[in-house]
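Trainee: Can you take me through the aromatic side chains in this structure?
Mentor: Gladly. Have a look first, then ask away.

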Amino acid sequence: MSAKILCCIALLGVVSADTLYRGTPYQPPYGPYKPAPYSPAPYSPAPYKPAPYKPAPYKPAPYKPAYKPAYKPAYKPEHYDDYSDKPTAYAFGYAVNDHYTGTNFGHQEERDGYATKGSYKVNLPDGRVQIVNYVADDYNGFNAEVTYEGEAYHEPSYGPKPAYHPQPYSSKPAPYKPPYTPPYKPVYGSYKPVPAYP
């Protein structure tokens, strides 16, 4: 008895659930969405009032010229002597005389104040020795006297003399010979005209 009652109750529950599922439409708990109308507040910016421009007063830096070191004269030691106004005096000399090579030259000079005198000698290619004695001053200038020692010597040349054979002179002119011209040979053969057909 109890089993039948339980089956009936279960069957009624299934039928009622099916009836509720199919017969009653779904209704959401809230109604359709209706947004509120948008009405923004009118834009009214604040009026722009910039601050008045007041530049700072211009004050340039004081002008300073480029660095220039103080002038210092050249170093002059205390024991310096100026000889520009004093007369010059000196003397020198040298000489070379080599008997093996035959080299023979020399030079000597003396100066006292503004007067200078001296002499030098050199070897010449012909075997002589040239000697120059000179004097110089402010009044007469430079004057030289040239002398020679020894005799000039020139080595003879032993080469063969060139043989010169002049052509015999003839008063008759040479016979005229015209330039050679080869005989003419045409490039192509003799001309043969093509026969004309009626």
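**Aromatic rings and a nonpolar patch**

Mentor: This is a predicted model. By the pairing rule used here, three aromatic pairs are counted.

Trainee: How are the planes of Tyr 120 and Tyr 134 arranged: stacked, edge-to-face or tilted?
Mentor: The ring centres are 6.3 Å apart, and the planes meet at 50°. Under 30 degrees would be stacked, and over 60 would be edge-to-face. An angle of 50° fits neither, so the pair is tilted.

Trainee: How many residues apart are the two partners?
Mentor: Tyr 120 belongs to strand β3, while Tyr 134 belongs to strand β4, residues 129-137. The pair therefore links distant parts of the chain, and the separation is 14 residues.

Trainee: Is Tyr 134 buried or exposed?
Mentor: The cut-off for buried is under 20% relative accessible area. Tyr 134 has 7% relative accessibility, so Tyr 134 counts as buried.

Trainee: And what does Tyr 120 count as?
Mentor: Partly exposed lies between the 20% and 50% cut-offs. Tyr 120 has 35% relative accessibility, so Tyr 120 counts as partly exposed.

Trainee: Which residue forms one aromatic cluster with Tyr 120 and Tyr 134?
Mentor: The cluster has one more member besides these two tyrosines. That member is Phe 142.

Trainee: Which element gives the most to the nonpolar patch?
Mentor: The patch covers about 580 Å², and Tyr 120 is among its residues. Two elements give two or more residues: β3 (115-123) and β1 (89-98). With four residues, the top contributor is β1.

Trainee: Which ring does the charged end of Arg 128 sit over?
Mentor: The charged end lies 4.5 Å from the ring's centre. The ring belongs to Tyr 148.

Key: Residues numbered from 1 in each chain as written. Predicted model: local features only at pLDDT ≥ 70, side-chain atom pairs only at ≥ 80, totals over all residues. Heavy atoms only, no water. Patch = residues over 30% accessible without salt bridge, like charges linked within 9 Å, V, L, I, M, F, W, Y side chains within 5 Å. Areas by Shrake-Rupley, 256 points an atom, 1.4 Å probe, with all protein chains shown as cover. Salt bridge = Lys/Arg side-chain N within 4 Å of Asp/Glu carboxyl O. Buried < 20%, exposed > 50% of the residue type's maximum accessible area, 1.4 Å probe, protein only. Phe/Tyr/Trp six-rings, centres within 6.5 Å; stacked < 30°, edge-to-face > 60°. Lys NZ or Arg CZ within 6 Å of the ring centre and 35° of its normal.
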